[in-house]
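Visitor: I am new here and would like to be shown around. Could you take my questions as we go?
Guide: Gladly, let us have a look together.

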Protein chains: 2
Amino acid sequence: MTIYNFSAGPAVLPKPVLEKAQEELVNYKSSQMSVMELSHRSVLFDEIIKNAEKLLRELMDIPENYKVLFLQGGASLQFTMIPLNLAQGKKALYVNTGAWAKKAISAAKQIEDVEVEVIASSEDKNFTYIPKITKDMVDQDAAYLHITTNETIGGIRYTDIPDTGDVPLIADMSSNILANDYNVSDFGIIYAGAQKNIGPAGLTVVIIREDLIKEGQNIPPMLDYSVLAANDSMYNTPPTYAIYIAGLVFEWLKDLGGLDEVLKQDQEKAQLLYDYIDSTDFYISPVAKEDRSITNVPFITGDDELDKKFNSEAKNYGFENLKGHRSVGGMRASLYNAFPKEGVEELVKFMKNFEEENKEK
Amino acid sequence: MTIYNFSAGPAVLPKPVLEKAQEELVNYKSSQMSVMELSHRSVLFDEIIKNAEKLLRELMDIPENYKVLFLQGGASLQFTMIPLNLAQGKKALYVNTGAWAKKAISAAKQIEDVEVEVIASSEDKNFTYIPKITKDMVDQDAAYLHITTNETIGGIRYTDIPDTGDVPLIADMSSNILANDYNVSDFGIIYAGAQKNIGPAGLTVVIIREDLIKEGQNIPPMLDYSVLAANDSMYNTPPTYAIYIAGLVFEWLKDLGGLDEVLKQDQEKAQLLYDYIDSTDFYISPVAKEDRSITNVPFITGDDELDKKFNSEAKNYGFENLKGHRSVGGMRASLYNAFPKEGVEELVKFMKNFEEENKEK
């Protein structure tokens, strides 16, 4: 039985990346050392981190006036670091599009001298769409506007990036980084936990426009972008092995043809699934068509018992982690870059059979 | 040529651990998934994290009223979290024994309403000894006393743990956790970056007495022990692969015979090197004999040019990362649990030859 891993994160990684990591695990480049054993100050690791940054810059076409940081703590620590670094004594604007946006909002509200304002929300329709943001909604005195470009749980994503005027746009891009056609220059900060499209859990990538890095703010050093940037992500020991794997993933993406090609494949995979869902009344996509995520595709039958049956049979069939998030139920297929197209074809086949067998109920 | 890796961290890992990780990398326990691809909510990962905790509890004999947390951010983030969680509106006591103690002190001073007091220091003799701490030096109203049980750069360590009365003793044990005979119950909190004696960089282990976990303090969630503990280290996605490797290291330690046996081996390794240093005037250990670290052994010839020559020839001989920290110069042999005794024997052999060839100069 072939296993397909639909996990929302930590998620499937490219097979060639894992095979290369396996080959090199005990003895990296004839050093007789594992990458895990390399000093972060060594020549070999210096090559690894510089190469990872170079590849990411190429792939995302990151302008020179942006710093790339390899940090720890996940997107969740960024939820605190962003208002702490950028919005003290100021207003911070947020768009509420679901579970992850809410976490970012709630962490910002905890910072004493930051005034948090939610300028738009799709909570009225259970986060099934992306609210439209126009420039006149964005207070030009605000420190930033924060959006979540893809909601992993709700399965919605921004197709168009809002125009915020001179207010920096900050994006939690954890679940669709490297799977979109956004321009980095439209953002002040892009951040992402690695465990979806980049590499193993425990690494956070932050891409930050240099003018947003402010010194002398008396912020704890591990939370201070100016300290972390001045030390090139080496204020303390970085998560070296996760950075190595991320570098291998970036290389794999480049070899595939870069983000244009990968995005084309991602769109094809998602289309396969959405087309089938739209062709039948048996399955329902709860999300507004124009805002559908191509990385996280939730769907339901509309009958909780049937969803349960589906999930149980799907697991026996070799589909791992297809169950929807515990907060929303149903099913969710996460189709990150490394998820193979055959897996989607198999899923559609399985869904058709399940529909045949259960449609009378 | 055999390579011996004397790195102070990230450091050498047990060969059997790396070989097992290699074997399982692409396909963990016939799941057809890598550990890096497992959802942190999956049954397989749940087993991994629970087993790692169980083994660590066994090895260190951790009492039931202590929580074990697997976090991110390194010891450096703990430098901020500890005063933030424990000492707001209170006095926090520190012992200054070198580079790492200083970093902890400086981070604590940044927290606005914490009064930091350094009650003892060995700075007068360039951090070559551990100052004696007696109970009468410990203000019984203080939130805690913080010590660094082993200074990785200076090469000194606590042999006896100070009696602090009712004041919780907090220890940065990054470089000698699992290589000592301390009692966990003498501490309020023990914390350690993993990249020396536990596993790969990017994981931080925190062992915290439950009464020190306070709720409702309005601390950012990723820095709040009560949030992290209530979620069993899963408030957000933990560094799953690093936890897996740590578990394998704990298993290896258990198979070796536990910490008593490992400590015996560590002491033998260190003794080999110190005995030779003490037998000649050519090499000098800059550290007070009774406070010598068994994990990090700095030594010098007393001649900077000769040290340079030593380091250059040592590298050609296959000794990696033997160079002393850039802040102190000379040489430093880090002899963590996974460092093989043969490596120390080889080092002593090399040192003898080098002495023979250079003693006239």
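**Where two domains meet**

Guide: About 2,000 Å² is buried between domain 1 of chain A and domain 2 of chain A, and carbon and sulfur atoms give 54% of that area. This is a predicted model, in which local features need pLDDT of at least 70 and side-chain atom pairs pLDDT 80 or more, while totals for chains, interfaces and linings use all residues. Residues are numbered from 1 along each chain as its sequence is written, chains are lettered from A, and side-chain values use heavy atoms, without hydrogens and water.

Visitor: Why is this area called buried?
Guide: Because buried area is the accessible area (1.4 Å probe) that two parts lose on being put together, summed over both. In domain 1 of chain A, Ile153(A), Arg157(A) and Leu253(A) lose the most to domain 2 of chain A, together 26% of what that side buries.

Visitor: What makes residues of the two domains count as in contact?
Guide: Their heavy atoms lie within 4.5 Å. By that rule, 27 residues of domain 1 of chain A are in contact with 24 residues of domain 2 of chain A.

Visitor: How many salt bridges does the rule find across the interface?
Guide: A salt bridge needs a side-chain nitrogen of Lys or Arg within 4 Å of a carboxyl oxygen of Asp or Glu, and the rule finds 0 across this interface.

Visitor: Which residue classes make up the side of domain 1 that touches domain 2?
Guide: That side of domain 1 of chain A divides into 10 nonpolar, 10 polar and 7 charged residues, where Asp, Glu, Lys and Arg count as charged and Gly is among the polar ones.
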